[in-house]
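Subject: Structure handover

Hello,

Here is the structure I said I would pass on. My notes on it follow below.

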Amino acid sequence: MEPILLEPAAKGLYGELKVPGDKSISHRAVMFGAISSGITTAKNFLPGEDCLNTVSCFRKLGVDIETSGTEVRINGKGLDGLKEFEGLLDVGNSGTTIRLMMGLLSGRPFTSHITGDESIAKRPMNRVTSPLLEMGAKIEGRENGKYAPITISGGRLNALTYSMPVASAQVKSAVLLAGLQAEGETVIKELAPTRDHTERMIRLFGGNVTTSGKNISIKGGQQLKAADIEVPGDISSAAFFLAAGSIVPGSEILLRNVGLNWTRSGIFDVMEKMGANLSIDRKEESFEPVGDIRINYSKLKGTTIEGGLIPRLIDELPIIALLGTQAEGETIIRDAAELRVKETDRIETVAAELRKLGAQIETTDDGMVITGGTNLHGGTVSSHGDHRIGMMLAIASLICKKEVTLEDPASIAISYPNFFTHLAKLR
Ligand SMILES: O=C(O)C1=C[C@@H](OP(=O)(O)O)[C@@H](O)[C@H](O)C1
Ligand SMILES: C=C(OP(=O)(O)O)C(=O)O
């Protein structure tokens, strides 16, 4: 796709939006629908490229899945309904798809080959390979199973007690999906709480998983039953408009039906600490909490973001860095080395691209130090194929003195296909 020219905002952003369905929950709706028995329907499903790749992989594994816009119907035949696919299962750009599928396919009695794009080929898979090997799976990949393409010869698994070396919902979910098929009880010990959509979904599908402090346990041999799901709006997508509303003077934006799961809502803690004018109207809770969020422009102040807060806002750190450039004083991000192994090295990409617009950001091993109160000028920047970097830069362009040319804007469709239509609605 051609670069796109983005004009600064002439006035405040105003209006209301329903952001698309949550990416993490959409992936899991397809996966759990596929391994349960009966018809699962998901409404407000995210038709972004990552989730469509999950659909395509499960179709290849023999699951009948119908999609129509944001509605998906999955005809699950239980775990045994998955059939060997001799070709390549291609996850595209989606880390969630490859890592969760590795856990699931480790317990299936056939061989699977999983691959993805250039970015996936650079992301570490050993964090998943290693507990799965301990459970008895046979996994091969480049550099001793560290990188995709990955080949899994699945079969009987033994339960495992696993202390996670990183705070990662993808690793936790992969081990849970393997644990669901293993002999005995698998116990996962988390370093810090990470998103708990897998645990919630297992319960919604009639399974049993227990959480006690940082320990999560699951017994093998459970059969899951189909469920009907209404996917909440994605808080990680909402975050771009929360940021826009709080840095473009005169703005007032209402975001409806956004997921408010505590394990994902660290962005609220940070924005409140920065002095953002944010109010949340919580709705009655279903399997995931949802509500409406109103944001008004206000002056921000710098803050420090670290420790257990990081996994609760990991995907929001690029847009939080932009907030930091506009706040009074310094904003410091620490303990976020995980950013280096996302779609791009998000510490270096955020800093390099925002510097092109005039920001002052120093990178550290595990974060950034962002100087506040900087005026951004125009320029040419790139998403580097990373959807969150692309959206962050598009929001930055609103407060730039001159136009911004954004290269590789197509990547935004990975998680937010109608992002530019929504942005135009608010202008
Ligand atoms: O489980 C998930 O759906 C996700 C977990 C996070 O990754 P990690 O588990 O690698 O932290 C997050 O960054 C990703 O966007 C989605
Ligand atoms: C890191 C992300 O996704 P994934 O790991 O699924 O590629 C993301 O969406 O920001």
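Strand 23, residues 404-407, has two faces: Val-404 and Leu-406 form the covered one, while Thr-405 and Glu-407 form the uncovered one. Please keep in mind throughout that this is a predicted model.

Strand 23 has partners in both senses. Strand 1 (residues 4-6) runs antiparallel to strand 23, and 3 bridges join them. In that pairing Ile-4 stands opposite Leu-406. Strand 22 (residues 379-382) pairs with strand 23 in the parallel sense, over 4 bridges. There the bridge partner of Thr-380 is Thr-405. Together with helix 12 (residues 387-397), strands 22 and 23 make a right-handed β-α-β unit.

Why does Leu-406 count as buried? Leu-406 has 23 C-beta neighbours inside 10 Å, and a residue is called buried at 20 or more. Not counting residues up to four places away in sequence, Leu-406 touches Pro-3, Ile-4, Leu-6, Val-381, Ser-383, Gly-390, Leu-393 and Ala-394. Among these, Ile-4 is also the residue that stands opposite Leu-406 in the strand pairing. For a distance to check in your viewer, the C-alpha atoms of Leu-406 and Ser-298 are separated by 27 Å, with the two residues 108 apart along the chain.

Another set of pairings involves strand 3 (residues 37-43). Strand 5 (residues 71-77) runs antiparallel to strand 3, with 6 bridges between them, and Ile-39 stands opposite Asn-75 of strand 5. Strand 14 (residues 228-230) pairs with strand 3 in the parallel sense over 3 bridges. In this case Ala-42 stands opposite Ile-229.

Next, the annotated positions. The UniProt record, an unreviewed entry, carries the annotation "binding site" for Lys-23, Gly-95, Arg-123, Gln-170, Arg-346 and Arg-388. I looked at two of them in the model.

Lys-23 lies in helix 1, which covers residues 23-35. Lys-23 counts as buried because it has 24 C-beta neighbours inside 10 Å. Leaving aside neighbours within four places in sequence, Lys-23 is in contact with Leu-46, Gly-48, Asp-50, Cys-51, Asp-234 and Ser-415.

Gln-170 lies in helix 6, residues 169-179. Gln-170 is likewise buried, since 23 other C-beta atoms are within 10 Å. Not counting residues up to four places away in sequence, Gln-170 touches Gly-95, Thr-96, Arg-99 and Leu-100. Of these, Gly-95 is itself covered by the "binding site" annotation.

Finally, the ligand. Which residues surround ligand 1? The shell consists of Ser-24, Thr-96, Ser-168, Ala-169, Gln-170, Ser-173, Arg-195, Ile-314, Asp-315 and Glu-338. Helix 6 gives the most to this shell, with 3 residues. By class, the shell around ligand 1 divides into 2 nonpolar, 5 polar and 3 charged residues. Gln-170 therefore appears twice in these notes: Gln-170 is part of the shell around ligand 1, and the UniProt annotation "binding site" covers Gln-170. Thr-96, a contact of Gln-170, is also in the shell.

Regards

Methods
Residues numbered from 1 in each chain as written. Chains lettered and ligands numbered in written order. Predicted model: local features only at pLDDT ≥ 70, side-chain atom pairs only at ≥ 80, totals over all residues. UniProt positions renumbered as here; feature names shortened; annotations may be inferred. Buried ≥ 20, exposed ≤ 12 C-beta atoms within 10 Å, placed from the backbone. Contact = placed C-beta atoms within 7 Å. Pairing = 2+ DSSP bridges. Right-handed = clockwise from strand over helix to strand, strands pointing away. Near = placed C-beta within 6 Å. Nonpolar A, V, L, I, M, F, W, Y, C, P; charged D, E, K, R; others polar.
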